[in-house]
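I opened this model to make notes on a few points. The entries below follow the order in which I looked things up.

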Amino acid sequence: MEPGSWESALIDALFAHAPVGLAVLDADLKYVRVNQILADINGVPMDSHIGRTPTEVVPQFAGAVEPVLRSILAGGDPIIRAEAPQDMPDGQDPDHFYELSFYPIERDGTRIGVLGIVNDITERVMAEEEIKAQAATVYKEVVQNLTVAQMALEKGDQSRVASALERAFTSAKHLVSAVLLRRSDRDG
Amino acid sequence: MGKTVLICDDVEEIRMLLSMAIEPYEDFQVVGEAADGNEAVAKCRELAPDVVLLDVNMPHKSGLQALAEIRDVVPLAKVIMFTGFESSVLGSAASDLGADDYIEKGTPLDEIVRRIRAVVAS
């Protein structure tokens, strides 16, 4: 296979199978190519992106993004895994969370476009929120039981001290287990 | 008769131990207990206590939510927030809502009594 066609096939495969939203924009900030995942995120068919700017395709979203794209075209640093603003385009689930990365595309030292990568991080954000809620509940239990233990200790009620400390220890153990299991799920 | 105190905390053991810590002092009289924010407001309306010891983190209605209503129901009562949060985090919110003091859980019982007495005297 010729090098050119091999590269073209590789890019086709990437756009067809990458599990993230992909977009290539030219120096006029017009979409040159997007994949189906990005089209789904934007709520606009793939073909309707081509030759149009983000402002034309997703006006609400573009206000925050286009200045960043222009900065990258002008020589600015790439944006790596920035959390997207929550005022997403019309027709989108407002409970979704996205992470955005933008990299310059260069030819002969000149920036000729921008590659955008959009990752749906909803599951991760929700898992983190769940951990936070769980941690807050268990933290409350630990504080309550330590408070009982401290007060009972001052009152010389040894059996109440022991039972409250046991409950505090059990709660703390549950919290640590939950965090470690969640981390192992995420990493594994 | 001493100053009347209402103890509000969702943990029965904490209510009991606070009550045991306060009752020996003749200048205080524990007149009631509440296990959540709604009950705290209702007991304030019923008992008109001089002092309300109010846990921040309670079910149904938090201590901070109840505080605003308690201020309307018994405007002259001294309200002391009882909290497991860092006081620096809670302090400004509680002060804005009209709390007279806030005490972190883990504070020795005799110190709690001393703080209640200082608030009453202020």
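**Cavity**

I searched the predicted model for cavities and found one of 30 Å³ or more. I put the space in the largest cavity at about 160 Å³. Which residues lie nearest its centre? I noted Tyr31(A), Leu38(A), Phe61(A), Val65(A) and Phe102(A), out of 16 lining residues. I then listed the elements that give two or more residues to this lining. They are β1 (21-26), α2 (36-42), α4 (59-73), β4 (98-107) and β5 (110-120), in chain A. Which element gives the most? I found that α4(A) does, with four residues. I also sorted the lining by residue class: 14 are nonpolar, two are polar and none is charged.

**Chain A, overall**

I went on to the secondary structure of chain A. I counted six helices and five strands. Along the sequence I read the pattern α-β-β-α-α-α-β-β-β-α-α. Chain A has 188 residues, and 35% of them count as buried. I also checked how far apart in sequence the contacting residues are. Among contacts between residues at least 6 apart in chain A, 41% join residues at least 24 apart.

**Chain A, sheet**

I traced the strand order next. The five strands form an open sheet, β2-β1-β5-β4-β3 in chain A, with antiparallel pairing. Which strands stand at the edges? I have β2 (31-34) and β3 of chain A, each pairing on one side only. From one strand to the next I get an average twist of 20 degrees.

I looked at one pair more closely. β1(A) and β5(A) run antiparallel and are joined by six bridges. Within β5(A), I found Val114(A) as the bridge partner of Leu25(A).

**Arg81(A)**

I checked the backbone for positive phi outside glycine. Arg81(A) came up, with phi of about 55 degrees. I placed Arg81(A) in strand β3 (residues 79-83) of chain A, which is one of the edge strands. Is Arg81(A) buried or exposed? I have it as exposed, because its relative accessibility is 53% and the cut-off for exposed is over 50%.

**His60(B)**

I noted a positive phi in chain B too. His60(B), a residue other than glycine, has phi near 70 degrees. Where does His60(B) lie? I located it in the loop between β3 and α3 of chain B. With a relative accessible area of 69%, His60(B) is exposed.

**Chain B, sheet**

I then traced the sheet of chain B. It is an open sheet of five strands in the order β2-β1-β3-β4-β5, and the pairing is parallel. Why is one side of β2 (28-34) and of β5 (101-104) left without a neighbour in the sheet? Both strands of chain B stand at the edges and have a single partner strand each, so nothing in the sheet flanks them on the other side. I get an average turn of 20 degrees between neighbouring strands here, direction ignored.

I followed one edge pair. Strand β4 (residues 78-83) of chain B pairs with β5(B) in the parallel sense, over four bridges. Among the residues involved, Ile80(B) has Asp101(B) in β5(B) as its bridge partner.

**Chain B, helices**

I looked at what covers these strands. Helix α3 (residues 63-73) of chain B lies across β3 (51-55) and β4 of chain B. I put its direction at about 175 degrees to β4(B).

I picked out Arg71(B), which lies in α3 of chain B. Arg71(B) has a relative accessible area of 19% and is buried. It falls on that side because buried means under 20%. What does Arg71(B) touch, leaving out residues up to four places away in sequence? I listed Ala77(B), Val79(B), Leu97(B), Gly98(B) and Asp100(B).

Last, I turned to helix α1 (residues 12-22) of chain B. Eight of its 11 residues are buried, so this helix is largely enclosed by the rest of the structure. I wrote down the buried residues of α1(B): Glu13(B), Ile14(B), Arg15(B), Leu17(B), Leu18(B), Ser19(B), Ala21(B) and Ile22(B).

Key. Residues numbered from 1 in each chain as written. Chains lettered and ligands numbered in written order. Predicted model: local features only at pLDDT ≥ 70, side-chain atom pairs only at ≥ 80, totals over all residues. Heavy atoms only, no water. Pairing = 2+ DSSP bridges. Axes fitted to C-alpha atoms, helices over the stretch in contact; angles between N-to-C directions. Contact = heavy atoms within 4.5 Å. 1 Å grid on protein atoms, 1.4 Å probe; cavity = no way out; pocket = protein on both sides within 12 Å on 5 of 7 lines; lining within 4 Å. Points joined across faces, edges and corners; volume = space filled by probe spheres on them. Nonpolar A, V, L, I, M, F, W, Y, C, P; charged D, E, K, R; others polar. Buried < 20%, exposed > 50% of the residue type's maximum accessible area, 1.4 Å probe, protein only.
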